[in-house]
Amino acid sequence: MVKDGYEDIMNIDISSVAIDLMRTKYGHVPQLKYLQMDVRDMGFFPDDTFDCVIDKGTLDSLMCGNSAVLSSAQMLGEVCRLLKPGGIYMLITYGDPTVRMGHLLRPAYNWEITLYIIPRPGFESKTGISSKKQLEPVPTTEEGLLPPDYVMEDPDSHFIYVCKKTDETSTLVEPYASLTVED
């Protein structure tokens with residue numbers, strides 16, 4: 001991202017070991033900043049701080065842990081709070097729409113969501129679809145699911161959810177207050 005001209009990149013991780021390793025490895029890159037922090041409580045930052053939040057594996061980790069529904073709602077509430085209006089939350093995951101859209105489509109976030117599916121590198125299908133194909137949005141149903149006739153040829157694809165924060169996003173005190181934890 002730095003090579004592409006991004007000037008102020010904040011990286012967070014709950015692991016102080018990971019943060020220390022990254023600070024050591026990239027200490028010579030002044031555009032990169034690192035903080036040890038829990039994504040479920042990022043109160044260090046004021047509302048509307050970031051233009052973009054990129055998530056590669058954090059929500060996935062929370063979805064595998066104890067209190068997954070509560071933890072994911074806390075994280076997504078914080079992401080929504082921290083994004084500026086018009087800001088983007090980009091979720092890169094193996095989680096298909098049946099397991100991710102229920103969390104992303106909560107009315108309190110009021111995100112406009114575009115879904116992309118990327119086959120694994122080097123994938124070539126029998127019909128000629130390759131991982132080098134131009135990336136295009138995938139149509140979804142009103143519930144945010146893949147249409148019944150959609151054929152996903154590579155079962156190991158990554159799903160990329162581009163969630164744009166609209167101006168009408170609700171102010172949340174406790175984004176998880178209405179959820180039932182089913183762990």
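Start with the sheet: select β3, β4, β5 and β6, and this predicted model shows an open sheet of four strands in the order β3-β4-β6-β5, with mixed pairing. Colour β3 (50–56) and β5 (111–118) separately; these are the edge strands, each pairing on one side only. Looking across the sheet, the twist averages 15° from one strand to the next.

Next, select residues 83–93 and 158–165. These are strands β4 and β6, which pair in the antiparallel sense over six bridges. To check the register, click on Met-90 and then on Val-162 in β6, its bridge partner.

Now add the helices that pack on the sheet. Helix α3, residues 68–82, touches β3, β4, β5 and β6. The direction of α3 makes about 140° with that of β4. Helix α4, residues 97–104, packs on the sheet as well, touching β4, β5 and β6. Its direction makes about 15° with that of β6.

Leave the sheet and turn on a surface to find the largest pocket, which holds about 1,400 Å³ of space. Which residues should be selected to reach its centre? Of the 40 residues in the lining, Met-10, Asn-11, Ile-12, Val-53 and Ile-54 are the closest to that point.

To see the surroundings, show β1 (9–13), α1 (16–26), β2 (32–36), β3, α2 (58–63) and α3; each of these elements gives two or more residues to the lining. The edge strand β3 provides the largest share, seven residues.

Colour the lining by residue type: 25 residues are nonpolar, four are polar and eleven are charged.

Finally, colour by domain, with domain 1 as 1–37 and domain 2 as 46–122 + 130–143 + 151–169. Each of the two gives at least three residues to the lining of the largest pocket.

Conventions: Residues are numbered from 1 along each chain as its sequence is written. This is a predicted model: local features need pLDDT of at least 70, side-chain atom pairs count only at pLDDT 80 or more; totals for chains, interfaces and linings use all residues. Side-chain values use heavy atoms; hydrogens and water are left out. Two strands pair if DSSP finds at least two bridges between them. Axes are lines fitted to C-alpha atoms, for helices over the stretch in contact, and angles run from 0 to 180 degrees between N-to-C directions. Contact means heavy atoms within 4.5 Å. On a 1 Å grid over the protein atoms alone, a cavity is a set of points where a 1.4 Å probe fits but cannot get out, and a pocket is an open set with protein on both sides within 12 Å along at least five of seven lines; lining residues have an atom within 4 Å of a point. Grid points are joined across faces, edges and corners, and a volume is the space filled by probe spheres set on the points. Ala, Val, Leu, Ile, Met, Phe, Trp, Tyr, Cys and Pro count as nonpolar, Asp, Glu, Lys and Arg as charged, and the others, Gly among them, as polar. Domain bounds come from an automatic or database domain assignment.
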